[in-house]
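User: I am new to this structure and would like a close look at a single part of it. Please choose one strand, explain how it sits among its neighbours, and then place it beside some of the helix packing elsewhere.

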Amino acid sequence: MDRRTGDLAATRLSPSVYQYFRRGASGERTAAEAVDAWDQLRLRPHMLRNVSAVSTATTVLGTEIRTPILVSPSTLQVMCDPCGEAATATGVGAAGSLMCVTSNTGVPFAKVGETGTPWWVQAYLLRDRGLCRDMLVRAREAGARAVVLTADVPVVGTPPPTEIPDVWGVVPAGSTMANWGSHSPDRADDLSLDDLGWLREVSGLPVVLKGVLRGDDARDAVSAGASAIMVSNHGGRQLDGAVSTAYALPEVANAVSGTDAEVYVDGGIRRGEHVLSALALGARAVFVGRPVLYALAVDGAAGVQRLLTDLTAELAHALALAGSASPADVPGDLVVRPPV
């Protein structure tokens, strides 16, 4: 991502909203390490390979897309653009990608569905499972193709101290909860593997488990019915000191190797070379969060399209230089870690 976009977004957003988007948890160690973890990886490119026709196309859970660079779920997108996720979806679709829509959006799911862009719905399980069921039915009816269960928020992470007013005291009413009716749902803190099967049953959709950093958790989730695993530390916003996703990805990918489960990763991915490294380490696709918010704030749907298109072009260039003609062609031994 062009750093100037983030700097410009800071001038377009209110201080409270910008602080909310950029912050990590507690001492912000995990958030600060995210990009560096990918930067530290080194590549061993193949030579004398035919890369005259490089393609970035792939599939995720059966959906064909032109790029393996997808969009993470994030709330308060209506503070970046009045159309919120509907604007994001327009840019995502133009770039040939797919997005995950937060259940905490201020935009009705139907508005996202009307864009024709493929999308998944993110969900927090609630103490009242009936409310969650109703939300998932609305999402499915609006065209959601999968449910992404965020599992790393049994309680909310502690934000760092700041003198900037808390975002939830300044955003207008209606900026969130557009798909929950009049209810203010309480998140469940009693999640279990059984909930994966419940989600599949009530939604009729494949389930992706988001927030996994361990191989044993990934293996158990797949055995319990998860169709995919998203390696994520919630952008460093939950447990400060949690491992960077660049380091967690290989263990998770190895743990579910030999199953039909797909693996994705988010957190700190800012360059085409980062995407290439993620593919080599076992990811089928990557998700990008904060850069999308900043691009949306600066130039709406066109900004989102440009961000994804530029990252995809960087990936295509990196693929060619590495001797790979497609994401499926990236070898697992492409990446090495430099000695400490």
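Analyst: Strand E5, which covers residues 99-101, and strand E6 pair in the parallel sense, and three bridges join them. This is a predicted model, and the strand to look at closely in it is E6, made of residues 119-123.

On the E5 side, Cys 100 has Trp 120 as its bridge partner in E6. E6 has a further partner in strand E7, residues 147-150, and here too the pairing is parallel and runs over three bridges. Within that second pairing, Ala 123 stands opposite Leu 149 of E7. E6 is therefore flanked in the pairing by E5 and by E7, since two strands count as paired once at least two bridges are found between them.

The surroundings of E6 can be read from its side chains as well. The strand is mostly covered, with five of its five residues buried, and this holds for both of its faces: Trp 119, Val 121 and Ala 123 are buried on one side, while Trp 120 and Gln 122 are buried on the other. Trp 120, the bridge partner of Cys 100, and Ala 123, which stands opposite Leu 149, thus belong to opposite faces of the strand by that listing.

The link from E6 to E7 involves a helix, H6, which spans residues 129-141, and together E6, H6 and E7 make a right-handed β-α-β unit.

Turning to the helices elsewhere, H4 (residues 85-94) packs with H11 (residues 290-322) at an angle of about 25 degrees, and their axes lie 6 Å apart. Because angles under 35 degrees count as roughly parallel, H4 is described as roughly parallel to H11. The crossing in which H4 passes H11 is left-handed, and among the residues in contact are Ala 87, Gly 91 and Ala 94 of H4 together with Leu 296, Ala 301 and Leu 308 of H11.

H11 is also the helix against which the buried residues of H2 pack; in H2, residues 15-22, these buried residues are Ser 16, Val 17, Gln 19, Tyr 20 and Phe 21.

Another arrangement is given by H3 (residues 29-39) and H10 (residues 272-280), which pack at an angle of about 75 degrees with their axes 9 Å apart. That angle makes H3 roughly perpendicular to H10, and the contact is made by Val 35, Trp 38 and Asp 39 of H3 and by His 274, Ser 277 and Ala 278 of H10.

Technical notes:
Residues numbered from 1 in each chain as written. Predicted model: local features only at pLDDT ≥ 70, side-chain atom pairs only at ≥ 80, totals over all residues. Heavy atoms only, no water. Buried < 20%, exposed > 50% of the residue type's maximum accessible area, 1.4 Å probe, protein only. Helix = DSSP H or I, 4+ residues; strand = E, 2+ residues; numbered from the N terminus. Right-handed = clockwise from strand over helix to strand, strands pointing away. Axes fitted to C-alpha atoms, helices over the stretch in contact; angles between N-to-C directions. Parallel < 35°, antiparallel > 145°, perpendicular 65-115°, else oblique. Left-handed = near helix turned anticlockwise from the far one by under 90°. Contact = heavy atoms within 4.5 Å.
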